[in-house]
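Please find below my notes on the model, set out as numbered points. They take up solvent exposure, charged pairs, one sheet, and the open and enclosed spaces.

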Amino acid sequence: MKKRRVIVTLLVLCSFFLTTTTSFAKGVQQPTYPKYTKNATITWWTWTANPDKVIAAFNKEYPNIKVDHPLIGSGNAEYNKLTTAIKAGAGAPDVVQIEYQYIPKFVDTGGILDISKYVKQYESYFQPWTWNQVKQGSKIYAIPEDIGPLALLYRPDIFEKYNLAVPKTWDEFATEAEKLHKQNPDMYMSYFPVNDGGFITGLLWQAGARPFTKTSKGWEINLNSPEAKKVINFWGDLIKKGVVHATNDWNPQWQSNIGKGLYASVSGAAWSPTYMIQPYVKKGTDNWNAADIPQWEANGEFIDGNWGGSTNAVTTQSKYPEAAALFAAWINTSAAAEKLDVTDTTKGGRGQVPGNKYGIQQSEMNAPNPALKNQISGPIYAKAAASVDTSYQWSPWTDYVYNQMTIEFTKAAGGEQTWDQALDNLQNEVTVFAKSAGYKVVSKGAESSTKQPLAALNTPALPVVIILVVIALIIWFLKRRQSSLEIEL
């Protein structure tokens, strides 16, 4: 299996480099789109940059389909509004941006539509692993938009100043982290966002952990696997040593930390330079480059994980599902839209790495990246995209899992429990939650030896158990007393 994946990776990389002189000139291969002659107005919820540019390009081909895009927020803000609209039966958009990890949740709520009859012809235009993320059996619930394979983003000026080597393995990362912090105690090699389940999951993905697997017997939950504990304890040890900063991301303090240059590197996704670095850096802290994500094995197969990346789904409330599905497909497969996808946001694009396998071959992917001090970062992300394990599965409880991760990892970072205990607790909590929600669960994770026995005190049956035990002891005592009296007589 490993040999086969190595061959596939090499073939994809060879294809990428060959296309820098051939297919780049030819442009993106795109499908033949169906005619749509009706007048329709659809609403698109998205948080990506320059949506007006995307809509304008679409309307050159389909002027009869009007697309509105209200400002609705990103991530959880959008998901909360979408969940409310689904429960209310009204107020949902026609097309909605959803990250891969939340597709199962919204499928289970009945909020997004099986659009396979409209879009199955587009499958060959996408990287297989991205297409696998949006389908369940023969049903297709979304069109892949962008991907988030991991890379190491680092400050070359800081690395040069402190004579740090760009780490190729996680062991080297730890060594360089200690070296930096010893020279400058006011800087960290990186940060670990205890509140960001997406980031943490990407690291687990790369290490071979598979927290969720849907089988014919039910859901296998394996959040505290040896692979998961290896990853979490690695970062926990760096936090304990003070060389990595345990924090929350996507808040004003985190933005300030990025801006003032507190971190020498960031383990980021393909979209991170545009959406996570560029908006917050200042003159003097805007010197960033990308490198391969460090590996767990020095001489093994190159393996990557994925953090984020999004899709465009059609909701069941759409009055124009065919038009909505056409829009979702066109903006993620057409040459015009893919060009916008890979163009930097400062130049009117969206600054993404597409899920479309032809979009990643465009010349713009081999152009200097303004967010990375004009480094040509395309080959790094092409390699990363080809090295993501396609077998990864998401559960329908991502929001709950991420919430519990935040609780447990915050405690561990604060020294209230070990990182092993955090994962054991997470395993138990998610298993109980999934069962209580009516899912059939086959929990593969090790039973927690650290989950507080006091947790049982919250169960309603405990008083009854205590009473029964007391009664049993009284009966046993009386029988023993009666036997003693009989012997004496």
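1. A residue is called buried here when its relative accessible area is under 20%, exposed when that area is over 50%, and partly exposed in between. The model is a predicted one, and the exposure classes below should be read with that in mind. By this rule W250, with a relative accessible area of 38%, is partly exposed, because its value falls between the two limits.

2. W250 also deserves attention for its backbone, since its phi is positive, at about 65°, although the residue is not a glycine. Its place in the chain is the loop that runs between β11 (244-247) and α12 (252-259). N50 is another non-glycine residue with a positive phi, in this case near 55°, and N50 too is found in a loop, the one between β1 (40-45) and α3 (51-61). With a relative accessible area of 25%, N50 is partly exposed.

3. Ten salt bridges are present in the structure. One of them pairs K105 with D399, whose closest N and O atoms are 2.6 Å apart. K105 belongs to helix α5 (residues 103-108) and D399 to helix α17 (residues 398-413), so this pair ties together parts of the chain that are 294 residues apart in sequence. The two partners fall into separate exposure classes: K105 is buried, with a relative accessible area of 13%, whereas D399 is partly exposed at 33%.

4. Which residue meets E178 in a salt bridge? The partner is K241, with an N to O distance of 3.1 Å. E178 lies in helix α9 (residues 170-183) and K241 in helix α11 (residues 226-241), so the contact ties together parts that are 63 residues apart in sequence. Both side chains belong to partly exposed residues, E178 having a relative accessible area of 37% and K241 one of 43%.

5. K241 is also the partner of D237, in a salt bridge whose closest N and O atoms are 3.3 Å apart. This pair lies within helix α11, where D237 and K241 are four residues apart, or about one turn of the helix. D237 is partly exposed, with a relative accessible area of 35%. Elsewhere among the charged side chains, salt bridges that share partners join E145, D341 and R350 into one network.

6. Three strands form an open sheet in the order β12-β7-β13, with antiparallel pairing. The edges are β12 (265-268) and β13 (289-292), each of which pairs on one side only, and the twist from one strand to the next averages 30°. Strand β7 (residues 151-154) is joined to β12 by four bridges, the two strands running antiparallel. Within the sheet, L153 stands opposite V266 in β12.

7. The largest pocket has a volume of about 910 Å³ and a lining of 33 residues, of which S74, G75, N76, E99 and W250 lie nearest its centre. W250 thus links this pocket with the positive phi described in point 2. The elements giving two or more residues to the lining are α4 (76-88), β3 (95-99), α10 (197-206) and α17, and the largest share, five residues, comes from α4. By class, the lining of this pocket has eleven nonpolar, 16 polar and six charged residues.

8. How many cavities of 30 Å³ or more does the count give? The count comes to one, and the volume of the largest cavity is about 80 Å³. Its lining consists of T201, L204, P211, F212, L223, Y392, W394, S395, T398, V401, Y402 and M405. Helices α10 and α17 each supply at least two of the lining residues, and the largest share, four residues, comes from α17.

9. The composition of the cavity lining is worth setting beside that of the pocket. The cavity is lined by nine nonpolar and three polar residues, with no charged residue, whereas the lining of the largest pocket includes six charged residues. Helices α10 and α17 appear in both accounts, as contributors of two or more residues to the pocket lining and of at least two to the cavity lining. Helix α17 also holds D399, the partner of K105 in the salt bridge of point 3.

Notes. Residues numbered from 1 in each chain as written. Predicted model: local features only at pLDDT ≥ 70, side-chain atom pairs only at ≥ 80, totals over all residues. Heavy atoms only, no water. Salt bridge = Lys/Arg side-chain N within 4 Å of Asp/Glu carboxyl O. Buried < 20%, exposed > 50% of the residue type's maximum accessible area, 1.4 Å probe, protein only. 1 Å grid on protein atoms, 1.4 Å probe; cavity = no way out; pocket = protein on both sides within 12 Å on 5 of 7 lines; lining within 4 Å. Points joined across faces, edges and corners; volume = space filled by probe spheres on them. Nonpolar A, V, L, I, M, F, W, Y, C, P; charged D, E, K, R; others polar. Pairing = 2+ DSSP bridges. Axes fitted to C-alpha atoms, helices over the stretch in contact; angles between N-to-C directions.
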